[in-house]
Amino acid sequence: MKLVLNLLLTAVLFLGCQPKEITKQEIISLRDGNHENLFVFSNLVLPKILGQEFKRFEAGVDSDTKNEVHITYGSNSALTFNDASDYRKTGTEYHSLVLLRVGYALALHQFHRLSLSLSKPFFIQGEKNPDAEIQEAEIFRTTISKQDLDVFWESHPNFDPYKAPKLGDKEWESITGEIQKLWKVEMDEFSRVKVE
């Protein structure tokens, strides 16, 4: 009985500490009032969108001497509840969702390209140390031009990226297919991840 009460109390505390889901209207009001300074706005809005998954925001000049925004996100746990056969598909779809949410929030700001990285801890067995240790690793990175994002949002003015997608939803499948055609995959290490 005591164990059940402890588990129940832990679950209530855990759920109570989760970041509140943000709505499209909240993003619009934040975005419309803070479109002057990209760095300040990003550090305000990205933790609201990504919660504890937000890791880093960087803005700089890319190889074309144009402004690039780079965002890194990912879970802080080495554990996964995804089936090995669905790991890539689930990870790619979630990456699409994050890209849509972040891209919508940053739509009024000026930059040339958005780079988005999925990074998370993994149990890694080292050559010198046969025991597994936890190390942070980037496993998936995409880039998309701001122009492509703008055209996408002009084509989908009523799409709400902050509504949780439902499994099998045809609109969601269509949207993710479209956004994945627009991005360029810079790094894909999903095949190297061993899910047990």
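**Figure 1. Capping of helix H3 by asparagine 37.** In this predicted model, asparagine 37 caps the N-terminal end of helix H3, and one of its side-chain oxygens lies 3.0 Å from the backbone nitrogen of phenylalanine 39. Helix H3 covers residues 38–50, 13 residues in total, and spans 17 Å between its first and last C-alpha atoms. That span is close to the 18 Å expected at 1.5 Å a residue. After the helix comes glycine 51, which has a positive phi, near 60°.

**Figure 2. The buried residues of helix H3 and their packing partners.** The buried residues of H3 are Leu38, Phe41, Ser42, Val45, Leu46, Ile49 and Leu50. These buried residues pack against two helices, H2 (24–33) and H4 (87–105), and against strands E1 and E2.

**Figure 3. The hairpin of strands E1 and E2.** Strand E1, comprising residues 54–61, pairs with E2 in the antiparallel sense, and seven bridges join the two. One of the pairings places glycine 60 opposite glutamate 68, its bridge partner in E2. Five residues lie between the strands of this hairpin, and threonine 65 adopts a positive phi near 55°. In strand E2 (residues 67–73), five of the seven residues are buried, so the strand is largely enclosed by the rest of the structure.

**Figure 4. The surroundings of tyrosine 104 in helix H4.** Tyrosine 104 is located in helix H4. Its relative accessibility is 9%, and the residue therefore counts as buried, the cut-off being under 20%. With neighbours within four places in sequence left aside, the contacts of tyrosine 104 are Lys24, Ile27, Ile28, Arg31, Trp153, Pro161 and Tyr162. Of these contacts, isoleucine 27 is 77 residues away from tyrosine 104 in sequence, yet their C-alpha atoms are 8.5 Å apart in space.

**Figure 5. The surroundings of serine 119 in strand E3.** Serine 119 belongs to strand E3, which runs over residues 113–124. Because its relative accessibility is 6%, serine 119 counts as buried. The side chain of serine 119 reaches the backbone oxygen of alanine 137 at a distance of 3.4 Å. Apart from residues up to four places away in sequence, serine 119 touches Lys55, Thr72, Tyr73, Gly74, Ser75, Glu136, Ala137 and Glu138. Alanine 137 thus appears both in this set of contacts and as the residue whose backbone oxygen is reached by the serine side chain.

**Figure 6. The salt bridge between lysine 89 and glutamate 93 in helix H4.** Lysine 89 and glutamate 93 form a salt bridge in which the closest N and O atoms are 2.9 Å apart. The two residues are four positions apart in helix H4, and therefore about one helical turn separates them. Glutamate 93 has a relative accessibility of 26% and so counts as partly exposed.

**Figure 7. The salt bridge between lysine 170 and glutamate 173 in helix H6.** The side chains of lysine 170 and glutamate 173 meet in a salt bridge, with an N to O distance of 3.9 Å. Both residues lie in helix H6 (residues 170–182), where three residues, or about one turn of the helix, set them apart. Lysine 170 is exposed, its relative accessible area being 62%, whereas glutamate 173 is partly exposed at 40% relative accessibility.

**Figure 8. The salt bridge between lysine 184 and glutamate 186.** Glutamate 186 and lysine 184 form a salt bridge, and their closest N and O atoms are 3.9 Å apart. Lysine 184 has a relative accessible area of 53% and is exposed. Glutamate 186, at 38% relative accessibility, counts as partly exposed.

**Figure 9. The whole protein, for orientation.** The protein contains six helices and five strands, and along the sequence these follow the pattern α-α-α-β-β-α-β-β-α-α-β. Of its 196 residues, 37% are buried. Among contacts with a separation of 6 or more, 66% involve residues 24 or more positions apart. The accessible surface amounts to about 12300 Å², and carbon and sulfur atoms account for 55% of that area. The count of salt bridges comes to eight, including those of lysine 89 with glutamate 93 and of lysine 170 with glutamate 173.

Methods
Residues numbered from 1 in each chain as written. Predicted model: local features only at pLDDT ≥ 70, side-chain atom pairs only at ≥ 80, totals over all residues. Heavy atoms only, no water. Buried < 20%, exposed > 50% of the residue type's maximum accessible area, 1.4 Å probe, protein only. Pairing = 2+ DSSP bridges. Expected span 1.5 Å × (residues − 1). Contact = heavy atoms within 4.5 Å. Polar contact = N/O pair within 3.5 Å; in protein donor to acceptor, adjacent residues only side chain to side chain. Areas by Shrake-Rupley, 256 points an atom, 1.4 Å probe, with all protein chains shown as cover. Salt bridge = Lys/Arg side-chain N within 4 Å of Asp/Glu carboxyl O.
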